[in-house]
Amino acid sequence: MADPAGTGDEVLLAPIERTGPGFYWIVGLLSVLVLWGAAAYATQFVGGLGVTGLHQPVSWGFYVANFVFFIGISHAGTLISAILRLSKAEWRRPITRMAEVITVMVLFIGAGQILVDLGRPDRIMNVIRHGRYQSPLLWDATSISAYLTASIVYLYLPMIPDVAILRDRLAKRKLLHTVLALGWTGSLRQQKILNRAIAIMAVLVIPIAVSVHSVVSFVFSMTLQPMWHSTIFGPYFVVGAIFSGIAALIVAMIAFRRAYGLQGYLKPVHFRYLGQLLLVMSLLWFYFTFAEYLTGYYGGEPEEMKVFWAKFNGPFGVLFWGMVVANFVIPVVTLVSLRRHTVGKVLLASISALVGMWLERFIIVVPTLSNPRLPFGEGTYWPTWVEWGEMAGSFGLFALFYVLFTKFFPIISIWEIREGREVGLKEVEERLLTYLPDHAEPAHPPAGAVVR
Amino acid sequence: MSHPGPASDRTVRTIQWAMAGAAVLFIGGIVIWITHLIRTAWRLGDGPSASIGISLVAIPVFLTLLGVILYVVRGLLGEAGDRRERETVDEREGI
């Protein structure tokens, strides 16, 4: 039966059972950020978008950059977790839950940016009632809805055995845990049902996740705006999304490792593997960036070149080169050797990548609008305190949701850890033998993971 | 393992099935919305373009998601219900 007693996994339940003063301090601090965001939004709601730095021709600024950034971060979870699950990467066990939570939380925040950018949120009803599918914006709405739904399901299903542990062990929140556990007893039939459902979801969420950021890129690339109309924007955005997603996951892992004393679960080896993934994504990002800008430069189309030079040595030069340093130079230099100070190096590279990827989103959105193809005249964009406040509030809200989640549910999947101990070791050995030349492959693949 | 009493047991089951019902309503609503948008596109002569094709892919995706949700809810709750029924019969018969 699902009970972690005696397995040494009590530390995973400790944050749910006990609340220290540090938790209240963090919640208080994040609440201040959220309140700042709320005040900024209230100001905008009353005064309209005129209180922001948005104007013609730069009608998209921080909000849309944040939207693309947050949706990109969402690839941390579902996509990475699904790929690691399907590829039977055993080291995934302590990190899948954290990754999946990031996805769900950040999708809410990302989608919310569009509501903020609308100025008048009631206009969302126009999209629902009179939307036209010839607009990529509506493709976005559809694919993000699918991704959010799939991510919630994909987060919830592997949580069921852990919620059953909470139901059986904790006296508080009994009704919540009993309802969410869905009568889980860990019987063979239930294990079979849950394993099958998780496997279906793992396969399903990968194309959905890829489609989401492709479609986000279509919002830009389906226009004829200079430096947006690009055929590689889809994969370019997906690569950037996975890159920033891994970085966000690493930062979350290090924060909770320290806060909840999870050093026994989140070991340097996990950070080394994720660091190597981050390095690969950094190189891929640079390759796509290089291909994108070289192609534009070689074409030499006048409108395109105006935006190009605005980024290279014009008003956006500092941000552009900052992006290159943060996304490529710092990650490559720090991650090329991870034998010593692994966690510190990976953390530095991840924070750098997050900053760099936000700059990249900004660099994609604003310079093109500042130098439009149509004869609007050039424009500049300076965010006001309203946009800064909304941005701080969005990050604060994301972190607050995440911290609160850890007070209700285990942030590391208890049953997956147990399964690793009880079944995983033997299964890996059997699987390894099948790879070797002098061992025949079994007629049927080894039975799937057993949920306890 | 501690189970809730019979009264709260009914409450729990009701909430769990209500959650499943909410999932049906939510995903059903999205499917109806997508259908409405496709009909709008058709009516306005936006044409049977790739966009309609892309949107049509979304409906089976949502229906698959709903299928997975209902499969899990029915599978897990169904067995839990059977088990409780057996326990009740056993208690009545003094086993």
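These legends describe three close-up views of a predicted model. Local features need pLDDT of at least 70 and side-chain atom pairs pLDDT 80 or more, while totals for chains, interfaces and linings use all residues. Residues are numbered from 1 along each chain as its sequence is written, with chains lettered from A and ligands numbered from 1 in the order in which they are written.

**View 1. Helix α8 of chain A is mostly covered.** The helix spans residues 160-169 (helices are DSSP runs of H or I, at least four residues, numbered from the N terminus; strands are runs of E, at least two). Of its 10 residues, 9 are buried (20 or more other C-beta atoms, placed from the backbone, within 10 Å of the residue's own). Among them are A:I160, A:V163 and A:L166. The buried residues pack against α1, α9, α10 and α17 of chain A.

**View 2. α8(A) packs with α9(A).** Their axes (lines fitted to C-alpha atoms over the stretch in contact) lie 8 Å apart. The angle is about 145 degrees (on a scale from 0 to 180 degrees between N-to-C directions). A:I160, A:V163, A:A164, A:L166 and A:R167 meet A:H177, A:T178, A:L180 and A:A181 (C-beta atoms within 7 Å).

**View 3. Chain B touches chain A.** Chain B has 2 helices and 0 strands. In this contact, 36 residues of chain B face 31 residues of chain A. The elements of chain B that give two or more residues are α1 (6-43) and α2 (50-92). The largest share, 19 residues, comes from α2(B). Of the 95 residues of chain B, 19% count as buried.

Note on methods: A residue is buried if 20 or more other C-beta atoms lie within 10 Å of its own, exposed if 12 or fewer, and partly exposed in between; C-beta atoms are placed from the backbone. Two residues are in contact if their C-beta atoms, placed from the backbone, lie within 7 Å.
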